[in-house]
Amino acid sequence: MVGFRCLLLASLCFAIDASAAPSSQPTSQPDAAPTTAPAPIRPDAQRSAPQSAPLGVAAIPQGPETHPAVRLGDPDQILEQLASPDWRVRRRAQEQLVRGGEDAKPFIHELIERAKTDEARKNAEAALAQIADNRLLGPSYITLHVKDAPASQVMAEISRQSFAPLQTIPDNLWKQESFPKLALDVDREPFWKVMPDVCQKLGIDFRPAAGGMRLMHTGGMRTEGVSEVDGAFLVVATGINYTRSKSFARQGEQSRFGMNLTVLPEPKLTVLRGAGTVSVDEAMDDKGNSLVPDKASAAVWGGYGGFGGWNLYVQLRYPKEIGTRLTRFKGSTSFLIQLESERVEIPDLTSLRPTTRLVHNLQATFEQMKKAAAGDVWQLHIRVDRPNFGGPEWQQFMDGAQNRLKVLDLDGNPLTRRGTSTNVNNNTVEMTLEFVQSTAGGRMTGPPSRLVWEVPTKTREITVPITFHDLPLFDDK
């Protein structure tokens, strides 16, 4: 006899705000690689935003309201707050500067020069350091004041302020579709407090496709649920479920109780991998029952290496007399983020001769790219000599070969990965990666032209707090 109860949480409610528009932009495009030896890619060149100017006068008024570089308050008053004996006043003043983003830097430098106390100067310098850290790992603050603005221009401006391209499928989505005009009035709010509302208004959402995450029309939003924003991450609780089953053959009974989460990083982040589990510190229902499990939850991995979402399952403990609300939940998960990388690029794939490159400290020889005898499959043959199968380099190499190695056509469109096979012979591993030409951005990709592999050289592991309050449980018992 099997009993099953499942409850999907209510629709997402977002606080529609926005944040400061950074003025500096990365300059290199993701696939703009050197044609000779690999060169390091600095953090600000990993995911470049389109080099478009701010929105036109007809759509969005120009001036300080759009880019409030120096309108952060009276300098003397802010310096006084930065030196206040009350730590809460100092923190609020520092946070005000941080939320100004890249455009606040000249103003903060002026504060540092004018500061008369070490305390004010130290806190202003700390704000500068936090802005630099946010540029890599923290929230992108968006500021937009628009009325009847075209979707294409709004998206271009959000892309500029969040330091990342917001690519679409098809490539000409904004020209192909008739989208409603947008009205937004937001000041220095995190990307994930702005973007879900924009997506809902336009009927689009992020989905993994064509070697990355693209905006496209969808039947449902990945951000539907109950959400919390933590820095550069959006954490969405999508549902609570409880299942109970009894086996007549084994005379045993099993149950499963937990919460489904989706964690979305900002487009500017390159997430190499996630922990796959959620550490639960506190979980309490409205009857005072602790729902904290005896051990860490198992995860349903649904992530994408790069800009994408991770689907996590949080195991909870089901008490005898459960309440109707999950009043408090506190936990965390972690992600490994790429800070710097180097690019391995090999041109003229169809006439490839054996070419050796050092990838994750392993000698990899790209031997040939040829078309299979049957079908439209292209096969890339790679040989790796003397790998240490138990070492981290081999794990990183295999992960990169599966998720980060791209074969592009002459126009830079990625071919679709079809499969991978490996053969181990003594101290040599031979790999065959299969690719097929397919539709990308509304058109068929051409034959393979070049190989691009972005190899991480500097990373950082960050912890993402997960906190929810007053989530609905089950109405009936």
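**Close-up views of a predicted model**

**View 1. Helix 5 and helix 7 are roughly antiparallel to each other.** The structure shown here and in the other views is a predicted model. Two packed helices are described by the angle between their axes and the distance between the axes. Here, the axes of helix 5 (residues 151-161) and helix 7 (residues 191-202) come within 12 Å, and they cross at roughly 160 degrees. Angles over 145 degrees count as roughly antiparallel, so this pair of helices falls in that class. The crossing of helix 5 and helix 7 is left-handed.

**View 2. Residues of helix 5 meet residues of helix 7.** From helix 5, the residues in the contact are Ala151, Met155 and Ile158. From helix 7, they are Phe191, Val194, Met195, Val198 and Leu202. Sorted by class, the contact has eight nonpolar residues, with no polar and no charged ones.

**View 3. The loop between helix 5 and helix 6 (173-176) contains Pro170 and Phe163.** The peptide bond that joins Ile169 and Pro170 is cis, with an omega of about -5 degrees. Phe163 is not a glycine, yet its phi is positive, at about 60 degrees. The relative accessible area of Phe163 is 3%. Buried means under 20%, so Phe163 is buried.

**View 4. His360 lies in the loop between strand 14 (355-359) and strand 15 (362-371).** Although His360 is not a glycine, it has a positive phi of about 50 degrees. His360 counts as buried, at 12% relative accessibility.

**View 5. Five strands form an open sheet with antiparallel pairing.** The order of the strands is 14-15-16-19-18. Strand 14 and strand 18 (416-425) stand at the edges. Each of these two has a single partner strand, so one side of each is left without a neighbour in the sheet. Neighbouring strands of the sheet are turned against each other by 25 degrees on average, direction ignored.

**View 6. Strand 16 (residues 377-385) pairs with strand 19 (residues 428-436), and helix 8 (residues 392-403) packs on the sheet.** The two strands pair in the antiparallel sense over nine bridges. In one of the bridges, Leu380 has Leu433 in strand 19 as its partner. Helix 8 touches strand 14, strand 15, strand 16, strand 18 and strand 19 of the sheet. The direction of helix 8 makes about 20 degrees with that of strand 19.

How values were computed
Residues numbered from 1 in each chain as written. Predicted model: local features only at pLDDT ≥ 70, side-chain atom pairs only at ≥ 80, totals over all residues. Heavy atoms only, no water. Axes fitted to C-alpha atoms, helices over the stretch in contact; angles between N-to-C directions. Helix = DSSP H or I, 4+ residues; strand = E, 2+ residues; numbered from the N terminus. Parallel < 35°, antiparallel > 145°, perpendicular 65-115°, else oblique. Left-handed = near helix turned anticlockwise from the far one by under 90°. Contact = heavy atoms within 4.5 Å. Nonpolar A, V, L, I, M, F, W, Y, C, P; charged D, E, K, R; others polar. Buried < 20%, exposed > 50% of the residue type's maximum accessible area, 1.4 Å probe, protein only. Pairing = 2+ DSSP bridges.
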